Amino acid sequence: MILSALDPQTEAALVEHLLQFVTPSKRARMEAVIARRTDRIQVVLEDIYQPHNASAVMRSCECFGIQNLHVIENRYEYTVNRDVAMGSSKWITLHRYREEAADNTKTCMEALRQKGFRIVATSLDPGSVPLDEFSLDENTSLWFGTEEEGLSQTVLESADEHVHIPMDGFTQSFNISVSAALCLYELRRKLVQGDLPWQLSESRKNEIYRLWLRNIVKNADILERGFLKENLPQ
């Protein structure tokens, strides 16, 4: 869902207006969760053809406070598996790249780089850094491909860095949803224990609050239009 842009003051007032329609306990929970949200790490899935795997990654993102999930659909269309996602789609920002006859991988890479994110491929390529040695000193987009094929050559050749999960068995890879969960657990731990700023700005919190409230407040679109009609210059 695309939300129309508002100036920060109006958006904050709109959020406060919509918060009247949630219970005090739900509001307290939302405040606790958003205080732990981050944009500093973002996850990208490239052509994940099994929707339950992508939905499991979505669930992990939400559980670890990762607000942004990017899904590239060059060959396979993604449909949220609600039984697996367990409601997580209401709470994260899903960016979809699915323009026909376009290289959606390149589109996503360019969009993230313009926002100051480095491209980090999960792979076993030579030079790949073990996860526990990986540095979060820059905004990071962490890319995952399919279990069988991995990431495309476009990503592997263009990535700024490569990272892998050290393993001690004969099998060379985890299930993608397990890989994502392990990576996010470790990177989240590093993030909160480090000295770099990772929490959201107040204006960014209001943007996310607005997304959340649209998903959980009955007739939120009507309430929003009514508020804006009364409070914006005609």
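Select strands β4 (residues 118–122) and β6 in this predicted model. The two strands run parallel and are joined by 4 bridges. For one point of contact between them, show I119 and S141: I119 stands opposite S141 in β6.

Keep β6 on screen and add strand β1 (residues 41–46). β1 also pairs with β6 in the parallel sense, here over 5 bridges. Show L45 and F144 as sticks; L45 is the residue opposite F144 in β6.

Next, color β6 by burial. How many of the residues of strand β6 (residues 140–144) are buried? The count is 5 of the 5, so the strand is largely enclosed by the rest of the structure. Now look along the strand at its side chains. T140, L142 and F144 point one way from β6, while S141 and W143 point the other way. Both sets are buried. Two of these residues have already come up: F144, across from L45, and S141, across from I119.

Move on to the enclosed space. The structure holds 1 cavity of 30 Å³ or more. About 50 Å³ of space lies in this largest cavity. To see its wall, select I48, Y49, Q50, N53, T146, E147, E148 and I176. Which classes of residue make up the lining? There are 3 nonpolar, 3 polar and 2 charged residues.

Then switch to the aromatic rings. A search of the whole structure finds 4 aromatic pairs. One of them is F64 with Y185, an edge-to-face pair with 6.2 Å centre to centre and 65° between the planes. This pair links distant parts of the chain, its members being 121 residues apart. F64 sits in the loop between α3 (51–63) and β2 (68–72), and Y185 is in helix α7 (residues 176–193). Are these two rings' residues buried or exposed? F64 is partly exposed, with a relative accessible area of 22%. Y185, at 52% relative accessibility, counts as exposed.

For another pair, select Y209 and W212. Their ring centres are 6.0 Å apart and their planes are at 85°, so this pair is edge-to-face. Both residues belong to helix α8 (residues 202–216); being 3 residues apart, they are separated by about one helical turn. Y209 and W212 are both buried. Add W91 to the selection: W91, Y209 and W212 form one aromatic cluster.

Finish with the cysteines. How many disulfides does the structure hold? The number is 0. Select C63, which is in no disulfide; the nearest cysteine sulfur, that of C61, is 9.5 Å away. C63 counts as exposed, at 57% relative accessibility. Then select C108. Why is the sulfur of C108 without a bond to the closest cysteine sulfur? That sulfur, in C61, is 13 Å away, which is too far for a bond. A disulfide requires two cysteine sulfur atoms within 2.5 Å. C108 counts as buried, at 0% relative accessibility.

Key
Residues are numbered from 1 along each chain as its sequence is written. This is a predicted model: local features need pLDDT of at least 70, side-chain atom pairs count only at pLDDT 80 or more; totals for chains, interfaces and linings use all residues. Side-chain values use heavy atoms; hydrogens and water are left out. On a 1 Å grid over the protein atoms alone, a cavity is a set of points where a 1.4 Å probe fits but cannot get out, and a pocket is an open set with protein on both sides within 12 Å along at least five of seven lines; lining residues have an atom within 4 Å of a point. Grid points are joined across faces, edges and corners, and a volume is the space filled by probe spheres set on the points. Ala, Val, Leu, Ile, Met, Phe, Trp, Tyr, Cys and Pro count as nonpolar, Asp, Glu, Lys and Arg as charged, and the others, Gly among them, as polar. Rings of Phe, Tyr and Trp (its six-membered ring) pair if their centres lie within 6.5 Å; planes under 30 degrees apart count as stacked, over 60 as edge-to-face and the rest as tilted. Buried means under 20% relative accessible area, exposed over 50%, partly exposed in between (1.4 Å probe, protein chains only). Two strands pair if DSSP finds at least two bridges between them.
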